[in-house]
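Colleague: Got a minute to look at this one with me? I'd like to talk through how the inside is put together.

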Amino acid sequence: MQIAQRDLPRGKIRLGAILLLLLLAGCAAPPPYVYQYIPGYTAVLQNGYAVAPPAAPPDVQVAIAAGNRITGMPYVYGAGHTDAEFDTAYDCSGAASFVLKAAGLLDAPTPSFEFRHYGLAGPGRWITIYARRDHVFLVIAGLRFDTGWTGGESRGPRWTTRSRPTDGAVMRHPYGEL
C-alpha cells in the first residue's frame with residue numbers, strides 16, 4: 001500500500017525535512033585548510049621550520065618547537081606511538097601526539113580516530129586538530145603541521161602553508177583558551 005503525499009499531514013512532512021537538514025548539516029566537513037597570514041597571530045615558515053608569533057602563549061610556542069624538532073623525520077605507519085621521549089619516525093597521529101604531549105596538552109600517544117573526541121569541538125584560537133578516522137593533522141598559529149599534502153616528495157611530519165581538503169574530518173581543540 002502506497003501512501004500519497006497528500007495523505008500525510010503537512011506538519012510531519014516539514015518536521016521530516018527539518019530533521020533531514022539537521023542530520024546532513026551535522027555530517028558536513030569543516031572548510032578546507034587555507035593558510036592566511038594575520039600579523040602578530042600567524043606563524044611563518046622559514047626554511048621548512050615554523051616561527052611562532054611573539055604573542056603566542058607559552059604552550060603554543062612549545063608546540064611549535066616540538067613540531068620543529070621532528071620536522072623532516074621519515075613517515076612510518078604506527079611510529080611515534082611510544083612512551084619514549086623521541087622516536088626515529090612518525091605517522092600522522094604519532095606526530096600530532098608528540099607535539100601536543102610536548103606542550104603538556106596530551107598524556108599519551110593517541111591514534112587518529114581517538115582525536116575525533118579529544119578536547120572540545122570546533123576550532124581553537126591557537127591550536128586546531130583536524131581528525132578523521134584514518135588521519136589527523138594540526139594547525140598551530142595558522143600554520144599546518146601534517147604528514148601528507150605538504151608538497152614534498154616524501155611523507156613525514158612537516159610544516160606547510162599548502163591548502164588541504166578536510167573531507168570527513170572534525171575540528172577539535174585543547175581545553176582552555178588554546
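Modeller: Sure. One term up front: a nonpolar core here is a set of buried Ala, Val, Leu, Ile, Met, Phe, Trp, Tyr and Cys residues joined through side-chain atoms within 4.5 Å. And keep in mind that this is a predicted model.

Colleague: OK, so how many residues has the largest nonpolar core?

Modeller: It has 33 residues, and those with the most contacts inside it are Val60, Leu100, Phe115, Ile127, Ile129 and Ile140. The elements giving two or more residues to this core are H2, H3, S4, S5 and S6. H3 gives the most, with 6 residues.

Colleague: What is Ile127 in contact with, leaving aside its neighbours within four places in sequence?

Modeller: Its contacts include Val60, Ala63, Leu100 and Ile140, along with Arg172 and His173.

Colleague: Switching to H2, which of its residues are buried?

Modeller: Val60, Ala63, Ile64, Ala66, Gly67, Asn68 and Ile70. They pack against several elements, including helix H3 (92-102) and strand S4 (127-132). Just after H2, Gly72 takes a positive phi of about 90 degrees.

Colleague: And S4, why is it largely enclosed by the rest of the structure?

Modeller: Because 5 of its 6 residues are buried.

Colleague: Which way do S4 and S5 run?

Modeller: Antiparallel, with 6 bridges joining them. A hairpin connects the two through 2 residues, and Thr128 stands opposite Val139 in S5. S4 also pairs with strand S8 (residues 170-173), again in the antiparallel sense, over 3 bridges. In that pairing Tyr130 stands opposite Met171.

Notes: Residues numbered from 1 in each chain as written. Predicted model: local features only at pLDDT ≥ 70, side-chain atom pairs only at ≥ 80, totals over all residues. Heavy atoms only, no water. Buried < 20%, exposed > 50% of the residue type's maximum accessible area, 1.4 Å probe, protein only. Helix = DSSP H or I, 4+ residues; strand = E, 2+ residues; numbered from the N terminus. Contact = heavy atoms within 4.5 Å. Pairing = 2+ DSSP bridges.
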